[in-house]
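Me: I would like to learn how to read the features of a protein model, one at a time. Could we go through the one shown here together?

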Amino acid sequence: MAKTYLSSDLKLEGDIKSQGDIEIDGDVKGQVTAKSVNVLGAGNVDGSVSSDALSVEGKVNGSVNTNDLTIAATGQMKADVVYQSIATAKGAKVEGKLKTK
């Protein structure tokens, strides 16, 4: 399945669903649902993310439900998170409730 890329000049308001992978380098306000979501350095998600895997290098605000969560040193999360496994790099910023599945 092809990867969907949302570039840094894109501002999207609404819900996104994909059976594949989504890379977000722009601004998304709404619900993001995909097999894998990668919020890149310039990326910002304001809403909810539901995925098998989530990688955060940018910002996520809202709620997250994922099996595998990875937060890079540049990642910033203000979210209530339900996860199965988590990995954070030194410098990652996480604020909110964390709950395991």
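Reply: Gladly, and please keep in mind that this is a predicted model. Let us start with a single pair of side chains, those of Asp25 and Tyr5, which are joined by a polar contact of 3.3 Å.

Me: Where is Asp25 found, and which residues is Asp25 in contact with once its neighbours within four places in sequence are left aside?

Reply: Asp25 is found in the loop between strand E4, residues 21-24, and strand E5, residues 27-39. With its neighbours within four places in sequence left aside, Asp25 is in contact with Tyr5, Leu6, Ser7 and Ser8, and also with Leu40, Gly41, Ala42 and Gly43.

Me: Is Asp25 buried or exposed, and which side chain of opposite charge is nearest to Asp25?

Reply: Asp25 is buried and yet has no salt bridge. The nearest side chain of opposite charge is that of Lys11, which is 12 Å away, whereas a salt bridge needs a side-chain nitrogen of Lys or Arg within 4 Å of a carboxyl oxygen of Asp or Glu.

Me: How many salt bridges does a search of the whole structure find?

Reply: The search finds two. In one of them, Glu23 is paired with Lys3, and the closest N and O atoms are 3.4 Å apart. This pair links distant parts of the chain, since Glu23 is in strand E4 while Lys3 is in the segment before strand E1 (4-6), 20 residues apart. A salt bridge forms with Lys11 and Asp27 as well, and here the closest N and O atoms are 2.9 Å apart. Lys11 lies in strand E2, residues 11-13, and Asp27 lies in strand E5, so this pair ties together parts that are 16 residues apart in sequence.

Me: How should I read the relative accessible area of Glu23, and that of Lys11?

Reply: The general idea is that a residue is called buried under 20%, exposed over 50%, and partly exposed in between. Glu23 has a relative accessible area of 19%, so Glu23 is buried. Lys11, by contrast, is exposed, because its relative accessible area is 69%. Its partner Asp27 counts as partly exposed, at 28% relative accessibility.

Me: What do these percentages say about Ser48 and about Ser51?

Reply: Ser48 is found in strand E6, residues 44-56, and Ser51 is found in strand E6 too. Ser48 is partly exposed, because its relative accessible area is 21%, while Ser51 counts as buried, because its relative accessibility is 7%.

Me: Which residues does Ser48 touch, not counting those up to four places away in sequence?

Reply: Counted in that way, Ser48 touches Gly30, Gln31, Val32 and Ser63. Gly30 lies in strand E5, and, with its own neighbours within four places in sequence left aside, Gly30 is in contact with Gly14, Asp15, Asp46, Gly47 and Ser48. You can also compare places along the chain with distances in space: the C-alpha atoms of Gly30 and Glu13 are separated by 6.0 Å, although these residues are 17 residues apart along the chain.

Me: Finally, which residues form a nonpolar patch on the surface?

Reply: The patch is formed by Ile86, Val94 and Leu98, which together have about 220 Å² of accessible area. Of these, Ile86 lies in strand E9, residues 85-88, and Ile86 is partly exposed, because its relative accessible area is 34%.

Note on methods
Residues numbered from 1 in each chain as written. Predicted model: local features only at pLDDT ≥ 70, side-chain atom pairs only at ≥ 80, totals over all residues. Heavy atoms only, no water. Patch = residues over 30% accessible without salt bridge, like charges linked within 9 Å, V, L, I, M, F, W, Y side chains within 5 Å. Areas by Shrake-Rupley, 256 points an atom, 1.4 Å probe, with all protein chains shown as cover. Helix = DSSP H or I, 4+ residues; strand = E, 2+ residues; numbered from the N terminus. Buried < 20%, exposed > 50% of the residue type's maximum accessible area, 1.4 Å probe, protein only. Lys, Arg positive; Asp, Glu negative; His and termini not counted. Polar contact = N/O pair within 3.5 Å; in protein donor to acceptor, adjacent residues only side chain to side chain. Contact = heavy atoms within 4.5 Å.
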